[in-house]
Amino acid sequence: MAVNGVCGSMDEFLEQCKRSGDSAYGGFRSLLERLEDPSTRAEARIFFSHLQKRFDSKEASEKCLETYHFRIHDIYIEQYEGYQKRKKLTMMVIPSIFIPEDWSFTFYEGLNRHPDSIFKDKTVAELGCGNGWISIAIAEKWSPSKVYGLDINPRAVRVSWINLYLNALDDNGQLIYDGEKKTLLDRVEFHESDLLSYCRDNHIELERIVGCIPQILNPNPDAMSKMITENASEEFLHSLSNYCALQGFVEDQFGLGLIARAVEEGIAVIKPLGIMIFNMGGRPGQGVCKRLFERRGLRAADTDISALVEIEKNSPHRFEFFMGLVGDQPICARTAWAYGKAGGRISHALSVYSCQLRQPKQVKQIFEFLKNGFHGINNSLDLSFEDDSVADEKIPFLAYLASVLKENSFFPYEPPAGSKRLRNLIAGFMKTYHHVPLSADSVLVFPSRAMAIENALRLFSPRLAIVDEHLARYLPRQWLTSLAIEKTEGDISSEDVITVIEAPRQSDLMIELIKKLKPQVVVTGMAHFEAVTSSAFEHLLGTTREIGARLFLDISDQFELSSLPSSNGVLKYLAGNILPSHAAIVCGLLKNQVYSDLEVAFVISEEETICKALSKTVELLQGNTALISQYYYGCLFHELLAFQLADRHPPAQREGEKMKAGEMIGFSSSASSVLSQAELSISEAYDSSLIHMDVDQSFLPTPGPVKAALFESFARQNVTESEIDVTTNIRRFIETNYGFLTNNPTEFVYADCPLALFNKLVLCCIQEGGTLCFPAGSNGNYVSAAKFLKANIIDTPTKSEVGFKLTNKLLSDVLETVKRPWVYISGPTINPTGLLYSNDDMEKLLSTCAKYGARVIIDTSFSGLEFNSKDWGGWDLERSLEKLTSSDNPSFCVSLLGGLFLKMLTGGLTFGYLALNQPFLVDAFHSFSGLSKPHSTIKYTIKKLLDLREQKAGDLMDGIAEQKKVLASRSNRLKETLESCGWDVLEACGGFSMVAKASEYHGKSVRVHKDATAWEAKLDDSNIREAMLRATGLCINSASWTGLPGYCRFTIALEDSEFERALDCIVQFKKLVIST
């Protein structure tokens, strides 16, 4: 029978098909062209009808596939639950595409278990559509707005289009309309696509993604790498539709790699509240399948499993199969393969898993970041959580961290008072949830509650403080054992002695003690039953006001990070009253759902002088609060504020202090002196466009491996202790770089930054009655910190002829006059000069220190990027230290202090370590509590980076080499600019800072006009920093910071545009001075 004029005779057509599968495909491709042409469509469809009738029995249909390389048959679908429309679909298959098996019908049955609304009016994509029958069935039953059937096999796409026409037209070639006056041609399209690439490239957003895609690795992996065209061999195209290749996912070992990639691609194109549904063979076991998503399981007959037998040979994993269709005891792939070869029938669990994104926007952000050069983290990412509250906290943070790492090339500068974002969010939370109208300036951020309390006590140095027993355990042991309660006549050193009396938390007992002992500072929390109302707090305020005591009230136990926080009497009081000037609120944040040891604290004070002073103590004693911890809690506050609707009512008018407190303790005289003289960082409130050449932080681009390690540290779950134990790596690191002895007695201590560790050593020096010797030209922050802690300090002179390096002769002259000396040496790279100590220099200095029994602190924190070190040769102190530590003077010891923000290029992500090898020092060090230790995620990051360094990983080593080049170039350019502007420059060899003397500026006048005001001064060491700041917005350190008369410090590790602005500022300042 023929359809003359269109397709020729049927016999001719069948003869063409009989020749080969490729020939049959060519014939059907010609028929598809006629179906696509409206003028020949009806006759072509009639031809198909006659073709199907020619082979209308099951036996004839099977014979047709074998002989003519195609088969047209009906798929009866009326048995599927809830089906109300046509009872069958007409489908054609050819050998080079996926031929539907039982499991694809099981998949369709799984789709039918969803409610009718699942696909109605939705945009749907089917992955691995094969001959298109599921896409067509979805469109027929549920009337979606559009179904995109996608397949990587080009022949499958052509056959799918043919099948679409076979079902969109009746046997006479007329269009079939549904109840909405639409046809299947309106609802379905088929496209060649590697998973979801078509939708991604055409910016199609989907509401549903379904897939029944291959899960068996091709036994011949090379076969999967060939070019995909419709003219490829039948064998290749068949394998393309029935097997999958390795995808680079951990799920590859179970044959689930392609589904894993499909899920990740789906995240990028699916709309919020969209759903993905996949068919998954249960061969790997249900536990493995559920790692991707979870749904209900069925069972169907299996296919070739020889590839799974190979996987079992090379891994401990065992797949799950069953003997027969009703077996309930699993057997492994090897046993199943043998049973099948012997004639037995095997089956495996089959599941239809449906998944929906928890937080669509955030998950999309995460995977967008991973696609941007961080694919290697995929196998570490685990977003499955048993507890929804954990997911609701961690996923938004991962999304925020991903956006920060993606959008910023470096970690920005944050003031010591805390991240501006976090302080604003805390103030916003207080206003929104507790109706307390705070400003961010009244909020200070600390690494921990313990540090906030200790810093406050050091700031005021009270003769007597009462601290509740729950908080006293965080304070130095010496404060809790002192009995110097009353000041004796002529005792001029009582300010140096802080006595802490422990007290019960219950307010009536605490108040009784306050009245009797009359302390100058009170630090207490509140019992839960007393915190519900404000009466206990008001009583404490009144009592401390009467006796002139400062009150620091801890509300950590009552403060809730929740969208439904419980009643809090203290915050109720603050909603209606301004916090009195003698009181401050302390709150430690530890109540997150994920990390029980991740702490940040904040202090609320509405007294400006207290806020500024406490902020300076953070900079002196801790350096800064860990940036990543601030990010984490900032994200929590942000999520809570996004959840809450803005308060429509105006804030209540707050009452001021009813009466002023009596005379009370102010800052200690020593603290006031140091804080007023120390050259600390300039507040951003001064000017939002400041350029910071005055802070010890690198703003150079953070390399990819650093970002990847940091993100992975939070993305991982169930991290083991060995993965965060950095000691072995640090030990190798300092042995390799410095030849520093780390034998068994050596103890390693870690902190958020090296400065915090240094300050504990200063306290050890004070406890021993030692004298701390600083070479002139040391880090100004370290010197100021030691002064704030009231250490006995002596300046060791240095000379300009040798670049202000400490020499053996000058050190000997000082040590001869000092008892119990402690010597601080910054090296190999000296901060701030950027010069280098050679190995010979250090051996001579250490020999001198050993002669006088000095305790030595070698600070390597600013070393690691030596860019002008041609004749330097590095350090190898092992032999010298072995000899010196066995000398006759047992008090001699060397402690190595270090940080990795330079060596590992972590920028604002700081990490400090200290190697102690003297038992006395170890005991003394641990007697001072309150050290803010790095969180486990930071230790994971550092260990990962140290591992990469030991492996000489290309990306990290390239990043280090590149930053050395940048710093060398910056150093040269800054030197040239400064010299051209009249500065005498000391050329640097490493690190990120250099010093220069303002020779031509001293004694000259400068006048700065700004905002209708004028500032005028005659330039000298005391005001050149302020003059530069007022004139240009450039922040530098003056001679009072460097300790070198006339010399200022400039840091060079700025972001590119900021560095260019800094050079312009230097030139601009010269012009201003000349014009004045």
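Accessible areas here come from the Shrake-Rupley method with a 1.4 Å probe, and for residues only the protein chains shown count as cover. The structure is a predicted model, in which local features need pLDDT of at least 70 and side-chain atom pairs count only at pLDDT 80 or more, while totals for chains, interfaces and linings use all residues. Residues are numbered from 1 along each chain as its sequence is written, and side-chain values use heavy atoms, with hydrogens and water left out.

**Exercise 1. Describe the chain as a whole by its surface, its burial and its secondary structure.**

Solution. Begin with the surface: the accessible surface of the chain comes to about 43,600 Å², and 49% of this belongs to carbon and sulfur atoms. Next take burial, where buried means under 20% relative accessible area, exposed means over 50%, and partly exposed lies in between (1.4 Å probe, protein chains only); of the 1076 residues in the chain, 60% are buried. Then count the elements, which are DSSP runs numbered from the N terminus (helices are H or I with at least four residues, strands are E with at least two): the chain has 40 helices and 33 strands. Finally, with contact meaning heavy atoms within 4.5 Å, residues 24 or more positions apart account for 75% of the contacts with a separation of 6 or more.

**Exercise 2. Work out the order of the sheet of 7 strands, and state which strands stand at its edges.**

Solution. Two strands pair if DSSP finds at least two bridges between them. On that basis, the 7 strands form an open sheet with mixed pairing, in the order E21-E27-E26-E25-E24-E22-E23. Strand E21 (747-751) and strand E23 (792-796) are the edge strands, and each has a single partner strand, so one side of each is left without a neighbour in the sheet. The twist from one strand to the next averages 20°, where axes are lines fitted to C-alpha atoms (for helices over the stretch in contact) and angles run from 0 to 180 degrees between N-to-C directions.

**Exercise 3. Follow strand E27 through its partners, its cover and the helix that lies across it.**

Solution. On one side, E21 and E27 run antiparallel and are joined by 5 bridges, with tyrosine 750 standing opposite tyrosine 913 in E27. Strand E26 (residues 893-899) also pairs with E27 (residues 912-916) in the antiparallel sense, over 4 bridges, and here leucine 897 has leucine 914 of E27 as its bridge partner. In a regular strand the side chains alternate between the two faces of the sheet. Both faces of E27 are covered, since Gly912, Leu914 and Leu916 on one side and Tyr913 and Ala915 on the other are all buried. Helix H29 (residues 727-738) lies across E21, E26 and E27, and runs at about 105° to E21.

**Exercise 4. How do helices H16 and H28 cross, and which residues meet?**

Solution. The axes of H16 (residues 388-407) and H28 (residues 704-715) come within 10 Å and cross at roughly 175°. Angles under 35 degrees count as roughly parallel, over 145 as roughly antiparallel, 65 to 115 as roughly perpendicular and the rest as oblique; H16 and H28 are therefore roughly antiparallel to each other. From H16, Lys394, Phe397, Leu398, Leu401, Ala402 and Leu405 meet Lys707, Leu710, Phe711, Phe714 and Ala715 of H28. Sorted by class, this contact has 9 nonpolar, no polar and 2 charged residues, where Ala, Val, Leu, Ile, Met, Phe, Trp, Tyr, Cys and Pro count as nonpolar, Asp, Glu, Lys and Arg as charged, and the others, Gly among them, as polar.

**Exercise 5. Locate the backbone features at proline 828, leucine 195 and lysine 518.**

Solution. Most residues other than glycine have a negative phi, and most peptide bonds are trans. The peptide bond from glycine 827 to proline 828 is cis, with omega near 0°, and proline 828 lies in the loop between strand E24 (821-826) and helix H33 (839-851). Leucine 195 has a positive phi of about 50° although it is not a glycine; this leucine 195 sits in the loop between strand E7 (188-192) and helix H9 (197-201), and at 8% relative accessibility it counts as buried. Lysine 518 has a positive phi near 50° and is found in the loop between helix H21 (507-517) and strand E16 (521-524), where its 48% relative accessibility makes it partly exposed.
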